[in-house]
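Visitor: I would like a close look at one part of this model. Please start from a single residue and work outward.

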Amino acid sequence: MIPITPNPLLGVGLHAVGAGLSANCYTPQKYVKRWSWETYWLVQASWCWLLWPIIGAVLTIPQLWQVLCEAPKDRMLLSFVMGVAYGVGGMAFNFSIRYIGFSLTYSVAVGLSSILGTLVPPLVHGQIHDILSRTGSGWVLTGVMAGAIGIAICGAAGHSKERDLDAGQGAHAGFSLGKGLLLSLLAGVLSAVYGFALDAAIPIVDVAEQHGAGIWKGNVAYIFANTGAFVTSLCYCLYLLRKNKSSGEFKQLRVAETGGSLPMNYFLAFLTGSLWYGQFFFYNLGHVRLGKDYAFSSWAIHMILLVLISNGVAILFQEWKGCGGRTKSTIGFGLFVLCAAILLLTYGNYLGAPPGK
């Protein structure tokens, strides 16, 4: 086996790269023309959830077929099934946005996912008492809680932003707080299951490490967790393609509209899927650098950085222009709390697994 030297600072930096890719993965969608949502979604999902995980594993896992033959089959199935549940969470997230908007959905779903995806696996494995006894545990757990609070503050700022920009235009059609919150809670719980899917695949990852996968070992887990999510997207998109009679768009764009091109739409969907998969690729690289003591905190670090970077990009592109002073102060304070959370988590990981340990 190739030993991996813990380096929490590098690990958090690699997590930031992955979160940055994820924060911008929806940008290409703005330029897709004359395609239904389900057509675009199925093409990008094919790259993100099916093709890239297989390609990534083939390119980085030595003796992949032997690894798959030796790895426990029950863990493969468990990781896949949890990936299916994660896919359902993604759909619930999209539906929630329709009812209560992006900001509230994001704060509830991502905040809940951050806490559950981080703390439930150690609880299930009975590791909490052991974790609490380790050096730096207080810093790590405080960072997790601070991250959840920061996400909630950013969500409140985003909701305030929506009110500021929509002032005088009346409430959004279809707004339903009850339905939206229920769906966002479901999305948060099921999105956290992706962290459980990766946790379930640890014995498979261990086999890959024994075959010399080194820092790339986590890529084997995506073969099962991501393909589970793909099955969910495939089933829902096939339903919509049949319902909306839009399957012909794979060969020819909608004729009732103008602009765009079929090759460009395929490229944009490929770009979306590649950016989205990029977050998982760098998630693994960041995860293995945190060391074993606080590897469970990877999920919280990723979620916090995702919210931090996405809001930072929005400020950079002046998406908060025209908001009131109170709204701007709230988002500023939320980003400050998120930065503090990342520092707490990084320092706690450093104390638990300092470089050279």
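Visitor: Is Glu249 buried or exposed, and what is its relative accessible area? Please take the surroundings from there.

Guide: This is a predicted model, so every value here is computed from predicted atoms. Glu249 is buried. Its relative accessible area is 6%, and buried means under 20%.

Glu249 has a charged partner. It forms a salt bridge with Arg254. The closest N and O atoms are 3.6 Å apart, inside the 4 Å cut-off for a salt bridge. Arg254 is partly exposed, with a relative accessible area of 28%. The bridge therefore joins a buried acid to a partly exposed base.

Trp35 touches both partners. Leaving aside neighbours within four places in sequence, Trp35 is in contact with Glu249 and Arg254. Its other contacts on that count are Tyr40, Val43, Leu253, Leu262, Asn265, Tyr266 and Ala269. Trp35 also belongs to the largest nonpolar core, which has 86 residues. It is among the residues with the most contacts inside that core. The others named there are Trp49, Ile61, Tyr194, Val220, Phe280 and Leu338. Helix H12, residues 298-316, gives the largest share of this core, ten residues. In soluble globular proteins, nonpolar side chains tend to be buried together.

Next, the loop between H10 and H11. Lys245 is found in this loop. It comes just after H10. Its phi is positive, about 50°, although Lys245 is not a glycine. At 76% relative accessibility, Lys245 counts as exposed. Glu249, by contrast, is buried.

A second residue has a positive phi as well. Gln63 is not a glycine, and its phi is near 50°. It sits in the loop between helix H2 (37-60) and helix H3 (64-70). Gln63 counts as partly exposed, at 49% relative accessibility.

Back to H10. This helix has 23 residues. From its first C-alpha to its last it reaches 31 Å, close to the 33 Å expected at 1.5 Å a residue.

H10 and H11 are also linked by rings. The structure holds 24 aromatic pairs. One of them joins Tyr222 and Tyr277. The centres are 6.4 Å apart, with 85° between the planes, and the pair is edge-to-face. Tyr222 lies in helix H10 (residues 222-244) and Tyr277 in helix H11 (residues 262-289), so the pair ties together parts that are 55 residues apart in sequence. Tyr222 counts as buried at 1% relative accessibility. Tyr277 is buried too, with a relative accessible area of 5%.

Tyr277 has another ring partner, Phe281. This pair is tilted, at 6.4 Å centre to centre and 50° between the planes. An angle over 60 degrees would count as edge-to-face and one under 30 as stacked, so 50° falls in the tilted class. Tyr277 and Phe281 are four residues apart in helix H11, which means that about one helical turn separates them. Phe281 counts as partly exposed, at 21% relative accessibility. That value lies just past the 20% limit for buried.

Now set the Glu249 bridge beside its counterparts. A search of the whole structure finds three salt bridges. Arg134 pairs with Asp130, and the closest N and O atoms are 2.6 Å apart. Arg134 counts as partly exposed at 22% relative accessibility. Asp130 counts as partly exposed at 38%. Glu209 pairs with Lys217, with the closest N and O atoms 3.4 Å apart. Both Glu209 and Lys217 are buried. The Glu249 bridge to Arg254 has its closest N and O atoms at 3.6 Å.

Last, the cysteines. The structure holds zero disulfides. Cys237 is in no disulfide. Its nearest cysteine sulfur is that of Cys235, 9.6 Å away. Cys237 is buried, with a relative accessible area of 0%. For Cys339, the closest cysteine sulfur is in Cys154, at 9.3 Å, too far for a bond. Cys339 counts as partly exposed at 36% relative accessibility.

To return to the start: Glu249 is buried, bridges to Arg254, and is in contact with Trp35.

Technical notes
Residues are numbered from 1 along each chain as its sequence is written. This is a predicted model: local features need pLDDT of at least 70, side-chain atom pairs count only at pLDDT 80 or more; totals for chains, interfaces and linings use all residues. Side-chain values use heavy atoms; hydrogens and water are left out. Rings of Phe, Tyr and Trp (its six-membered ring) pair if their centres lie within 6.5 Å; planes under 30 degrees apart count as stacked, over 60 as edge-to-face and the rest as tilted. Helices (H or I, at least four residues) and strands (E, at least two) are DSSP runs, numbered from the N terminus. Buried means under 20% relative accessible area, exposed over 50%, partly exposed in between (1.4 Å probe, protein chains only). The expected span of a helix is 1.5 Å times one less than its number of residues. A salt bridge is a side-chain nitrogen of Lys or Arg within 4 Å of a carboxyl oxygen of Asp or Glu. A nonpolar core is a set of buried Ala, Val, Leu, Ile, Met, Phe, Trp, Tyr and Cys residues joined through side-chain atoms within 4.5 Å. Contact means heavy atoms within 4.5 Å. A disulfide is a pair of cysteine sulfur atoms within 2.5 Å.
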